[in-house]
Amino acid sequence: PSPALPEETDIWSLIRTGNRTIVGTFSSGVYELPDGGLSWQARNSGLGGLGGLSISSFAVRGEYLYAGTAGQGVFSSPRDGAITWTAYRAGLLPNTSYSIYSLFAWDDFLFTGAGINAEIYLRDGDDAAWTAVPFAPFDPNGLAMLSFYERDDTLFGAASNGFYISSDSGDTWTWFPVGVTFAQDGAFVEAGDRLYGVLTRSGQSFLFRWLNDNWELVDQLNGKLIFDMRLAESRLYTARFDGLWYLPLDPTDIPEPRPSLPSAFILGQNYPNPFNPSTNIDYSLPAKSHIAVEIFNLLGQKVRVLVDQEQPAGAHTVAWDGLDESGNPVASGIYLYRIRSGDFSLAKKMLLQK
């Protein structure tokens, strides 16, 4: 990254539109790298408020670019020209749906997974406000829609408790329980006549295939988080902390080469999440290292240092009791936890819900 990006900036989301590459960060807002540009440029005009600079997702619909935030709902900006953000959250409620997990544009509709109240929100270009649509019965433990995908006029969703499909443009949903609960992230990729979906939680990834109108488990990876998937040359590639792996999609007599495993730091998703009053954070070190595990609020202010010492290689767990450095309980809301060692830094979000 160029000096225009703040030090230790953690990238949360990315989109390519026209000749622009745009990233969203955990706490520093939006940055753009124009084609031929040599440095990242901040594009935060109009963003603000608690969580307004935590950019979880992007979508493009027509002439507009949309950004989902962790605490201030959705913003829009003209797709071309100067990026200037305008609140696009009418119909979203600050206490229940300002935390955006996913954005998806389909025809004239924009879909968002907002909040943990088992609802999605729809809005077309002519609507004055978002409309809430339940996709499942309310769950007191929290239930969010983490990702969307459209295939053959069917809308697929990856949620905290499994997969959903809708054949009526998101008005009603059918649940496919797959044995995964409290998922923190989800993604889809299409490979010919096959659709793959992944759910991740607490240091585990579950890869599924849509087959015969049902989801079947392809692989379960313990201690391995899949962050993204892409299709190339008849292979399904998965991006993980321990390297780039692939799954051959066509039978072959040539054995798959076993990749060497590079050393890597691993930061798991906290559990439980949401939590009250305490939660656990798992992490792994490739070698003996001086490590720091820190808690921040969405304003970027340091709330608590959980670990600041040299530790041996291997798996570690640290608990946070929801208190700040002075021993005072912190307020409900979204917090970031970060592992840092030398030049390495990685952060994730968690929700304290009282």
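Visitor: When do two aromatic rings count as a pair?

Guide: Rings of Phe, Tyr and Trp (its six-membered ring) pair if their centres lie within 6.5 Å; planes under 30 degrees apart are stacked, over 60 edge-to-face, and the rest tilted. This is a predicted model: local features need pLDDT of at least 70, side-chain atom pairs count only at pLDDT 80 or more, and totals for chains, interfaces and linings use all residues. Residues are numbered from 1 along each chain as its sequence is written, and side-chain values use heavy atoms, without hydrogens and water.

Visitor: How many aromatic pairs does a search of the whole structure find?

Guide: The search finds 23. Take Tyr66 and Tyr88: they form a tilted pair, 5.1 Å centre to centre, with 55° between the planes.

Visitor: Where in the chain do Tyr66 and Tyr88 sit?

Guide: Strands (E) are DSSP runs of at least two residues, numbered from the N terminus. Tyr66 is in strand E6, and Tyr88 is in the loop between strands E8 and E9, 22 residues apart.

Visitor: Is Tyr66 buried or exposed?

Guide: Buried means under 20% relative accessible area, exposed over 50%, partly exposed in between (1.4 Å probe, protein chains only). Tyr66 has 3%, so it counts as buried. Tyr88 is buried at 13%.

Visitor: Which residues form an edge-to-face pair?

Guide: Trp320 and Tyr335 do, at 5.6 Å centre to centre and 70° between the planes. Trp320 is in strand E28 and Tyr335 in strand E29, 15 residues apart. Trp320 is buried at 0%; Tyr335 is buried at 7%.

Visitor: Which residue lies over the face of Tyr88?

Guide: A charge sits over a ring if NZ of Lys or CZ of Arg is within 6 Å of the ring centre and within 35 degrees of the ring normal. Here Arg123 lies over Tyr88, at 3.7 Å from the ring centre.

Notes:
Helix = DSSP H or I, 4+ residues; strand = E, 2+ residues; numbered from the N terminus.
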